[in-house]
Amino acid sequence: MGQLTASGRDTAYVWVGRDTGGQPDPAAELLCQAGRLLLERPRAELVLTHGPGGRPLVRASDDPAGSVGLPVSVSRTAGLVVVAARRSGAIGVDVERVRPLPALALARRWFPPAELTWLADRPEAGRAVDFLRLWTAKEAVGKALGQGLRGGGLRREMPPPGLPWRPVPGAEALWVGHPELGSDLVLAVAVHATGQVDVEVVQRPGHGVAAVRSASVERTSLPVVVRGNWSSRCSTRGRL
């Protein structure tokens, strides 16, 4: 994989790879690549683990306290895995494939009234996508907070999806947005930040996990997890 863009600004990086369900696990592979590039350490010196609050991170093996650990987040959907990483603070990511679904019925069951009203007013043709934008935003924000959807996360109100990137209601310095990945995918990224954060899609859908970085890189100005028990050297054995 090539070098990342050196903007000198706080940046959230996103990798997208194929997930066939086999070995080696592409999530672990992408996390190791993220650690190698952003921590500037050989992958043999990297450890995949959890930090305080249960958030996943990549750290150097000689830094057991994770004082310079790399916050990361992982999401899977049918046939794809997405990894996000950011040097400067907490990050969450979620991805879903666009598909037909009973958007209003699901929103009536899971979402707060304001979101149900907003969704009902949206054009019917795009309502499934709008539902998935809200859903992925909730997942990404929950991961950035280190708690997933526990404690009523689906009832946590999200800003109306779309650009520009939006502050999460009732949450200080928490932002969520939806970088474009293609018409068949909905991606949400959430960060804790008090200043501007860029979002860079380093590796896009259709690329193999070991593919070189696309020459076409999307950068979006943002004004501003995989759960489970795992801790291992930066290898691709097992699934995260």
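Visitor: Is Asp198 buried or exposed?

Guide: Buried means under 20% relative accessible area, exposed over 50%, and partly exposed in between (1.4 Å probe, protein chains only). Asp198 has 2% relative accessibility and therefore counts as buried. Asp198 belongs to strand E10 (residues 197–203), a strand being a DSSP run of E with at least two residues and a helix one of H or I with at least four, each numbered from the N terminus. This is a predicted model, in which local features need pLDDT of at least 70 and side-chain atom pairs count only at pLDDT 80 or more, while totals for chains, interfaces and linings use all residues. Residues are numbered from 1 along each chain as its sequence is written, and side-chain values use heavy atoms, with hydrogens and water left out.

Visitor: How should one read the packing of helix H2 and helix H4?

Guide: Two packed helices are described by the angle and the distance between their axes. Here the axes of H2 (residues 103–110) and H4 (residues 127–145) come within 9 Å and cross at roughly 30 degrees. H2 and H4 are therefore roughly parallel to each other; angles under 35 degrees count as roughly parallel, over 145 as roughly antiparallel, 65 to 115 as roughly perpendicular and the rest as oblique. Axes are lines fitted to C-alpha atoms, for helices over the stretch in contact, and angles run from 0 to 180 degrees between N-to-C directions.

Visitor: Which residues make the contact?

Guide: Contact means heavy atoms within 4.5 Å. From H2 come Ala103, Leu104, Leu106, Ala107 and Trp110, and from H4 come Arg127, Ala128, Phe131 and Trp135.

Visitor: What is the mean pLDDT of the protein chain?

Guide: The mean is 82, and 81% of the residues reach 70 or more, pLDDT being the predictor's confidence in each residue, from 0 to 100. Over residues 207–231 the pLDDT is below 50.
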